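Here is a walk through a predicted model, from the overall make-up down to a few single residues. Have the structure open while you read.

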Amino acid sequence: MLKPTERSLDSEPAAARASASKPVPSKRAKPRHSGTKLFVLDTNVLMHDPTSLFRFEEHDVFLPIMTLEELDNHKSGISEIARNARQASRFLDDIVSHAAGPMAEGIPLRRHDADSVSGRLYLQTEAINGHIPSSLPIGKSDNHIIGVVIFLQKRETHRQVILVSKDINMRIKAHALGLLAEDYYNDKVLEDTDLLYTGVRELPADFWDDHGPDVESWKREGRTFYRIRGPLCEKLLLNEFLFQEGDRPLLATVRELSKGAAVLETVRDYTHARNNVWGIVARNREQNFALNLLMNPEIDFVTLLGQAGTGKTLLALAAGLTQTLETKHYSEIIMTRVTVPVGEDIGFLPGTEEEKMTPWMGALEDNLEILNKTDDEAGEWGRAATSDLIRSRIKIKSLNFMRGRTFVNKYLILDEAQNLTPKQMKTLITRAGPGTKVVCLGNIAQIDTPYLTEGSSGLTYVVDRMKGWSHSGHVTLQRGERSRLADHAAEAL
């Protein structure tokens, strides 16, 4: 069975995701029977998602006794796997305790009227021996579960029996024995990360021909607004950025949406030196869009994706310092990140919480050094004083102590957010109190957590779920601006 440290084996690309309730049929074997299917769950599926019991709609679920034994073995501890094992056991206890008829006939998985599931849960109530192929060792838990699948396949001839496992090697063994086996896909946010919302849309060349005849325009506070009507309005999302290149270039964001109409607002030009943010100007279109989100007090939640060197951390810090020290919109900047090492762990670190987090915050130090050099007129003493002031307004916090906290009027930066699970992401974002802005930065191509993929990362999850909300915005940064070496390495290596 899949041990906690073995979850990293599941490094397959984010394949076609199932519906919100059941896995996708295996491509190896085409359905032979109609009607409901019987899904045999491996332990790692329950430890990965305890609610997987209720994700198979009208189909039935079978739990081998070995799955329950392994749940029991993993329930101790404070890790995510242990918590999930305990939650899965609670769900099973709730289902079994409400069983009305004989357990061998199956227990309805539907607990209340709000549940959409209509299948039944079957537990192994008899000894199943002699079905493990002679080529497999008898002592392994995986092989006992495969033996159960072989037994059920012979007994349930009227329907498909499918093994669901997160363990790649177990699925390979099942396929080699002619059994149907699938990964559990319900945790995948998208079928392909190429379909992930980018926050930016290029307008077609004939945009004004289709949407220009009934256009209304007006100015307010130095911004130009356009009310357009046309077929594209149905596809737009609030705070999505639009651009059109050519003789009359347009850079705008979607401010309002109504049936068949949309209000566009031209963006502020942060590529011009007069609109610099703590001495930083946008070097490309996406950075300009990102600064429009970061400097907008009406936007409470911002996500920035991009490869290494696109300027995510620098832009977020520059905007945070400007709004904390100059406009006084926020009282302080709080920065945190997941402490997942790229290589071998160097062990325990001495000192206070902030001192322990300092080695993980090299990106903060590097960017502060750049931002402190933007004021050429201050002189050496002036820059030293500014540096002390900046550091007094930036707090470094560990994710381990975030539970139960409330941040009021803070500028919260979650760096390396691609290493967060959806559950951790929800825990952190719900810490935001009145007046707090949350900025999530990350690159889903650099996931270091062994349990996550691009499709199941918490960053992918929030980008997909928060799009279209009037107080959130997202931009995927495309061009690297760190150096020509970094840009070439990102493409060539």
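## A tour of the fold

The protein's secondary structure adds up to 14 helices and 18 strands. Keep in mind that the model is predicted. The chain has 493 residues, and 49% of them count as buried. If you take the contacts with a separation of 6 or more, 69% come from residues 24 or more positions apart.

**The mixed sheet and its helices**

Start with an open sheet of six strands in the order 3-4-2-1-5-6, where the pairing is mixed. Strand 3 (107–108) and strand 6 (180–182) are its edge strands, each pairing on one side only. Strand 6 runs parallel to strand 5 (residues 161–164), and three bridges hold the pairing. In that pairing, Ile162 has Leu180 in strand 6 as its bridge partner. Helix 4 packs on this sheet and touches strand 1 (38–41), strand 2 (60–63) and strand 5, with its direction at about 165° to that of strand 5.

How do helix 4 and helix 5 cross? The axes of helix 4 (residues 141–155) and helix 5 (residues 168–176) come within 11 Å, and the crossing angle is roughly 40°. The two helices are therefore oblique to each other, and their crossing is right-handed. On the helix 4 side, the contact uses Asp142, Asn143, Ile145 and Ile146, which meet Met170, Lys173 and Ala174 in helix 5. Sorted by class, that contact has four nonpolar, one polar and two charged residues.

Gln124 is worth a stop here. This residue sits in the loop between strand 4 (120–123) and helix 4. Is Gln124 buried or exposed? With a relative accessible area of 15%, Gln124 is buried, because the cut-off for that is under 20%. Leaving aside residues up to four places away in sequence, Gln124 touches Phe62, Leu63, Pro64, Ile65 and Val148. Phe62 is 62 residues away from Gln124 along the chain, yet their C-alpha atoms are separated by 7.5 Å.

**Around strand 10**

Now move along to strand 10 (residues 241–244). Phe241 and Phe243 point one way from this strand, Leu242 and Gln244 point the other way, and all are buried. Strand 10 has a parallel pairing with strand 7 (residues 200–202), made by three bridges, and an antiparallel one with strand 11 (residues 250–258), made by four. Phe241 takes part in both pairings: its bridge partner is Val200 in the one and Thr253 in the other. Strand 10 and strand 11 form a hairpin with five residues between them, and Gly246 in the turn has a positive phi of about 135°.

Glycine aside, which other residues have a positive phi? Two of them, Asn239 and Trp278, are set out here.

| Residue | Phi | Loop | Relative accessibility |
|---|---|---|---|
| Asn239 | near 65° | strand 9 (223–229) to strand 10 | 4% |
| Trp278 | near 55° | strand 12 (261–266) to helix 7 (285–294) | 15% |

Asn239 counts as buried at its 4%, and so does Trp278 at 15%.

**The parallel sheet**

Another open sheet of six strands has the order 15-14-16-17-13-18, with parallel pairing. Its edge strands are strand 15 (394–396) and strand 18 (472–477), each pairing on one side only. On average, neighbouring strands in this sheet are turned by 15° against each other, direction ignored. Strand 14 (residues 332–337) is joined to strand 16 by six bridges, and in that pairing Met335 stands opposite Ile413.

Helix 13 lies across strand 13, strand 17 and strand 18, and runs at about 125° to strand 13. Helix 13 also turns up in the surroundings of helix 12 (residues 422–429), whose buried residues are Met425, Thr427, Leu428 and Ile429. What covers these residues? The cover includes strand 13 (301–306), strand 16 (410–415), strand 17 (437–442) and helix 13 (458–466).

Key. Residues numbered from 1 in each chain as written. Predicted model: local features only at pLDDT ≥ 70, side-chain atom pairs only at ≥ 80, totals over all residues. Heavy atoms only, no water. Buried < 20%, exposed > 50% of the residue type's maximum accessible area, 1.4 Å probe, protein only. Pairing = 2+ DSSP bridges. Contact = heavy atoms within 4.5 Å. Axes fitted to C-alpha atoms, helices over the stretch in contact; angles between N-to-C directions. Parallel < 35°, antiparallel > 145°, perpendicular 65-115°, else oblique. Left-handed = near helix turned anticlockwise from the far one by under 90°. Nonpolar A, V, L, I, M, F, W, Y, C, P; charged D, E, K, R; others polar.
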